[in-house]
Structures are given as C-alpha cells and as structure tokens.
Amino acid sequence: KVTDILMNHLDEIVEEKEKYDQKMADYNAGRRKTKPSFSVPTFLSFIRSPFCASFTIKGKDDASHKPYQFMAINAHLIFGTSSDRWREFEALVNWIRDRVVQQDKMYYPNYVLLGDLNLDYDNPGRDFAKMESLMKGIDVGTPDEIHVNFPFLDVHPNESEHFTSNVKLSQRYDQIGLFFRDTDGECVGFPTHAENK
C-alpha cells in the first residue's frame with residue numbers, strides 16, 4: 001500500500017525534495033538562517049499507530065437479538081500542519097470504511113473510532129464544512145446498508161452549540177465515529193446520522 005501511494009505521488013515528492021535541496025543549499029551557504037524541514041506531500045503511514053480492541057456485548061434480553069460485536073479504534077492523530085492532519089484523518093476513516101465494506105473478510109462487522117483526531121477549526125465556516133462534507137458523504141458509493149455516523153458533527157438535541165473538547169471550548173479535536181453495516185434494515189444497536197437530532 002505504501003509503495004502504491006509513493007508511486008502515485010512520485011512527481012509531488014520529487015518536486016518537494018528539489019525545493020528542500022535548494023533550501024538546504026541556501027542554509028549551508030549562509031543565505032538562510034533556519035535549517036529547512038522536509039515534509040512528504042502525501043499520507044504514507046500513521047505517525048502513531050491506532051490501537052484496536054475487539055468487543056462482544058450481549059444484545060437485548062430476548063433471544064432474537066444477536067450480541068453487539070465491534071472493533072474499538074483509539075487514535076491520536078498527528079498534530080502537524082493542517083494538511084498533514086487532514087491527510088492522516090482521511091486515510092484513517094477511509095481505511096475503517098473499507099473494512100466495513102469488506103465485512104465478509106473481517107472478524108468484527110462494526111467499528112467505533114474514538115480519539116483525539118486533532119481536527120482544528122481555525123476558520124470554522126470553512127473547516128467545519130469540509131469535515132461535515134467528508135463525513136456525511138464517506139459512505140456514498142458503498143452498499144446501501146453501510147452507515148457512518150459522527151454524532152459530534154450535529155448539535156445535541158439538549159444543547160444549543162456543537163460539542164467542543166479543548167479548554168477554550170473552541171475546537172472539536174475529540175471525536176467519536178460509528179462505522180457499521182445494517183444488514184436487517186433496523187440499525188439495531190448503533191444510531192444512524194438521522195438519529196442524532
């Protein structure tokens with residue numbers, strides 16, 4: 001997978017390397033005061049690997065309900081540039097979504113993402129719209145029974161503002177994401193986006 005990503009973005013990487021080499025030459029010649037850093041212009045691998053644990057929880061009391069089975073994924077994503085964060089976030093949620101789509105090859109059919117995703121909203125109108133568009137459209141093109149729900153994207157019915165998780169109450173770094181397949185059409189156990197309101 002990493003090799004495929006490298007090959008698909010090779011021109012961008014070479015271009016960034018050439019810029020870095022020029023900046024380093026300027027630094028070595030004394031024309032630049034600070035040593036440059038090199039940033040790969042595409043997502044290659046997680047800086048901190050997400051931690052996964054599986055759970056099976058007894059279903060409702062009557063025998064017709066199967067146990068809830070899910071993989072909990074705890075992630076603390078990179079705190080780098082905004083573009084680095086978005087690339088890592090998109091890679092993570094697409095990876096989880098793909099696992100739900102390929103359910104027949106997975107041990108657990110459902111996934112719960114929890115963690116500090118380091119998504120900032122320095123420009124709330126633009127940044128939140130970008131996040132909302134990505135998350136509410138991530139299941140487009142998947143089978144109809146695939147659902148992705150990030151409840152903190154909606155204002156809780158008992159609140160007047162979106163959930164925030166930093167000390168200044170200005171950012172939504174921490175998130176919960178539910179990725180699941182609803183094979184019986186009843187969404188028993190996991191709420192859909194429509195149930196957030």
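Arg97 sits in helix H3, which covers residues 82-101; helices here are DSSP runs of H or I with at least four residues, strands are E runs of at least two, and both are numbered from the N terminus. With a relative accessible area of 17%, Arg97 is buried. Buried here means under 20% relative accessible area, exposed means over 50%, and partly exposed is in between, using a 1.4 Å probe and protein chains only. Setting aside neighbours within four places in sequence, Arg97 is in contact with Ile138, Thr142 and Phe179, where contact means heavy atoms within 4.5 Å.

A quick word on what you're looking at: this is a predicted model, so local features need pLDDT of at least 70 and side-chain atom pairs count only at pLDDT 80 or more, while totals for chains, interfaces and linings use all residues. Residues are numbered from 1 along each chain as its sequence is written, and side-chain values use heavy atoms, with hydrogens and water left out.

**Salt bridges**

Arg97 also has a charged partner: its side chain meets that of Asp98 in a salt bridge, 2.9 Å from N to O. The term stands for a side-chain nitrogen of Lys or Arg within 4 Å of a carboxyl oxygen of Asp or Glu. Asp98 is partly exposed, with a relative accessible area of 26%, whereas Arg97 is buried at 17%. Salt bridges with shared partners also tie Glu15, Glu16 and Lys19 into one network. By this rule the count comes to 5 salt bridges, including these:

| Pair | N to O distance |
|---|---|
| Asp98 and Arg97 | 2.9 Å |
| Asp26 and Arg31 | 2.8 Å |
| Glu15 and Lys19 | 3.6 Å |

Glu15 and Lys19 are about one helical turn from each other, because they are 4 residues apart in helix H2. Glu15 counts as partly exposed at 42% relative accessibility, and Lys19 counts as partly exposed at 41%. Over in the Asp26 pair, Arg31 is exposed, with a relative accessible area of 59%.

**Helix H2 and its surroundings**

Helix H2 takes in residues 10-28, which is 19 residues, and reaches 26 Å from its first C-alpha to its last, close to the 27 Å expected at 1.5 Å a residue. That expected span is 1.5 Å times one less than the number of residues. Which residues of H2 are buried? They are Ile13, Tyr20 and Met24. These three cover an arc of only 40° around the axis, so they end up on the same side of H2; the arc is that of the directions from the helix axis to the C-beta atoms. Turn to the face of H2 pointing away from its buried side and you find the exposed residues Asp11 and Glu18.

Met24 is worth a look of its own. Its relative accessible area is 16%, so Met24 is buried. Apart from neighbours within four places in sequence, Met24 is in contact with Lys35 and Pro36. The C-alpha atoms of Met24 and Phe38 are separated by 9.8 Å, with their positions 14 residues apart along the chain. Just after H2, Gly30 takes a positive phi of about 85°.

On the surface, Met7, Leu10 and Val14 make a nonpolar patch of about 260 Å². Patches are built from residues with over 30% relative accessible area and no salt bridge, joining like charges within 9 Å and nonpolar side chains (Val, Leu, Ile, Met, Phe, Trp, Tyr) within 5 Å. Met7 belongs to helix H1, residues 2-8, and at 52% relative accessibility it counts as exposed.

**Strand E3**

Leu114 is found in strand E3, residues 110-116. Leu114 is partly exposed, with a relative accessible area of 32%. In sequence, Leu114 and Ile176 are 62 residues apart, yet their C-alpha atoms are 4.7 Å apart in space. Leaving out neighbours within four places in sequence, the contacts of Leu114 are Ile73, Asn74, Ala75, Gln175 and Ile176.

**The whole protein**

Stepping back, the secondary structure comes to 4 helices and 5 strands, in the pattern α-α-β-β-α-β-α-β-β along the sequence. Of the 197 residues, 35% are buried. Among contacts between residues at least 6 apart in sequence, 63% join residues at least 24 apart. The accessible surface comes to about 12300 Å², with 52% of it belonging to carbon and sulfur atoms; accessible areas come from the Shrake-Rupley method with a 1.4 Å probe, and for residues only the protein chains shown count as cover.
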